[in-house]
Amino acid sequence: MGKKVTVVGAGFYGSTTAQRLAEYDVFETVVLTDIIEGKPEGLALDLNQSRSIEGFETKVVGATTGVDGSGYEAIAGSDIVVITAGLPRKPGMSRMDLLGVNAKIVRGVAEQVAKHAPNAVVIVVSNPLDEMTALAQIATQFPKNRVIGQAGMLDTARFTHFVAEELNVPVGSVKTLTLGSHGDTMVPVPSRCTVDGKPLSDLLPADKIEELVTRTRNGGAEVVALLKTGSAYYAPSAAAARMAKAVAEDSGEVMPVCAWVDGEYGISGVYLGVEAEIGATGARRVVITDLTESELAGLNEAAEAVRAKQADVAGL
Ligand SMILES: NC(=O)c1ccc[n+]([C@@H]2O[C@H](COP(=O)([O-])OP(=O)(O)OC[C@H]3O[C@@H](n4cnc5c(N)ncnc54)[C@H](O)[C@@H]3O)[C@@H](O)[C@H]2O)c1
């Protein structure tokens, strides 16, 4: 039987994710939901009308849901649920400023997901990402491997773009990596960055690499400052959709994601940005990569920073 994927939240992130998922043409159904009456149905109708032009057979279903759980029958039996519901940042806001309001939203959504799609792999994107991923696991009570968050794919893609621009080389020749939290303790990993297989440190001076690392760490805020009314969605939706595709195809692709860490790198009991093998069960396993001493110290620092906040979300 064909796969069913649900995207909760039909804002900028959710609607572009639904579009990408539909255009892959690998799912039988893409369900898009929101609490704004008519919005998901309208977007679904619009997307379905693009099928003959873009050449995909996937059906998009829109469903308005209530905070009381009404309308959630539409997501029944989903193989994958992407949670994008929640407020985005405005200029000057940090992701942590969204904690209280988005925790309420994500908890409510996650409880309905557990009820109606009990076997789904959940991909969380709502911010603050590491905390919302931890909260979704607590609220669904799903095994930890079945709840993952999207951040590292995006942060890595931003780093890759900045390196490609700086060196004026095709983006396909650049490989970068970003671990840690989706915030101030993000850990770009220059030792894993290459251009056509050559170490980045052979091609750029250390201060230039540091400049690109800083721009990557502030990559979301840079877009928010320009847009003024919301946050990025093209690159973020590309990242979440690729994760969902890897789950649907059980591909085993290794991706930087927010996953439960249980002893890897000597770190335990926390959702953290690491590389993981993604398949039908979610994060099949965390993949450990060689890090320099300072990168490992950065990862430990990120783990401690998010651990304290993730412990707090249980009460939100
Ligand atoms: N992880 C990342 O890398 C990353 C990147 C960009 C944005 N984000 C986050 O993604 C989230 C969504 O961003 P956006 O740009 O789409 O915002 P948006 O305001 O365009 O859309 C959010 C949507 O969620 C809906 N919503 C609110 N409560 C809901 C509920 N209980 N059930 C269903 N839908 C509900 C709203 O009606 C709205 O349509 C934000 O929290 C943002 O910070 C994360």
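Okay, let's start with the company the ligand keeps: the shell around it has 16 nonpolar, 10 polar and 2 charged residues. Before I go on, keep in mind that this is a predicted model.

So who comes nearest? Of the 28 residues around the ligand, that would be Tyr13, Asp34, Leu87, Val125 and Gln150. If you want to find the site on screen, go to the largest pocket, where the ligand sits.

Now the secondary structure around the site. Helix H1, residues 12-24, and helix H4, residues 99-116, each supply at least two residues of the shell. Which one gives the most? That's H4, with 3 residues.

Let's look at some backbone atoms. Phe12 has a backbone N or O atom 3.0 Å from an oxygen atom of the ligand. At Tyr13, a polar backbone atom is 2.8 Å from an oxygen atom of the ligand. Remember that Tyr13 was also on that list of residues that come nearest. Then there's Val125, another name from the list, and here a polar backbone atom is 3.1 Å from a nitrogen atom of the ligand. As for how much of the ligand is covered, taken alone it exposes 870 Å², and the protein buries 90% of that.

Stay in that part of the sequence for a second, please. The peptide bond from Asn127 to Pro128 is cis, with omega near -5 degrees. Where does that put us? Pro128 is in the loop between strand S5, 121-124, and helix H5, 129-140.

Right, on to the strands. There's an open sheet of 3 strands, and the order is S7-S10-S11, with antiparallel pairing. At the edges you've got strand S7, 174-175, and strand S11, 198-199, each pairing on one side only. If you zoom in on S7 and strand S10, residues 194-195, you'll see them pair in the antiparallel sense over 2 bridges. Take Val174 as an example: its bridge partner in S10 is Val195.

Follow the chain on from S10 and you get to the loop between S10 and S11, which is the place of Asp196. Have a look at the backbone there, folks: phi of Asp196 is near 50 degrees, a positive value in a residue other than glycine.

Last stop, strands S13 and S14. S13 covers residues 268-279 and S14 covers residues 282-287, and the two pair in the antiparallel sense over 5 bridges. How many residues lie between them? Just 2, and the two strands form a hairpin. For one pair to click on, try Glu275, whose bridge partner in S14 is Val287.

So, to go back to where we began: the ligand is in the largest pocket, with 90% of its 870 Å² buried by the protein, and H4 gives the most to its shell. That's it from me, thanks.

Notes: Residues numbered from 1 in each chain as written. Predicted model: local features only at pLDDT ≥ 70, side-chain atom pairs only at ≥ 80, totals over all residues. Heavy atoms only, no water. Near = heavy atom within 4 Å. Polar contact = N/O pair within 3.5 Å; in protein donor to acceptor, adjacent residues only side chain to side chain. Areas by Shrake-Rupley, 256 points an atom, 1.4 Å probe, with all protein chains shown as cover. 1 Å grid on protein atoms, 1.4 Å probe; cavity = no way out; pocket = protein on both sides within 12 Å on 5 of 7 lines; lining within 4 Å. Sits in = over half its atoms within 2 Å of the grid points. Helix = DSSP H or I, 4+ residues; strand = E, 2+ residues; numbered from the N terminus. Nonpolar A, V, L, I, M, F, W, Y, C, P; charged D, E, K, R; others polar. Pairing = 2+ DSSP bridges.
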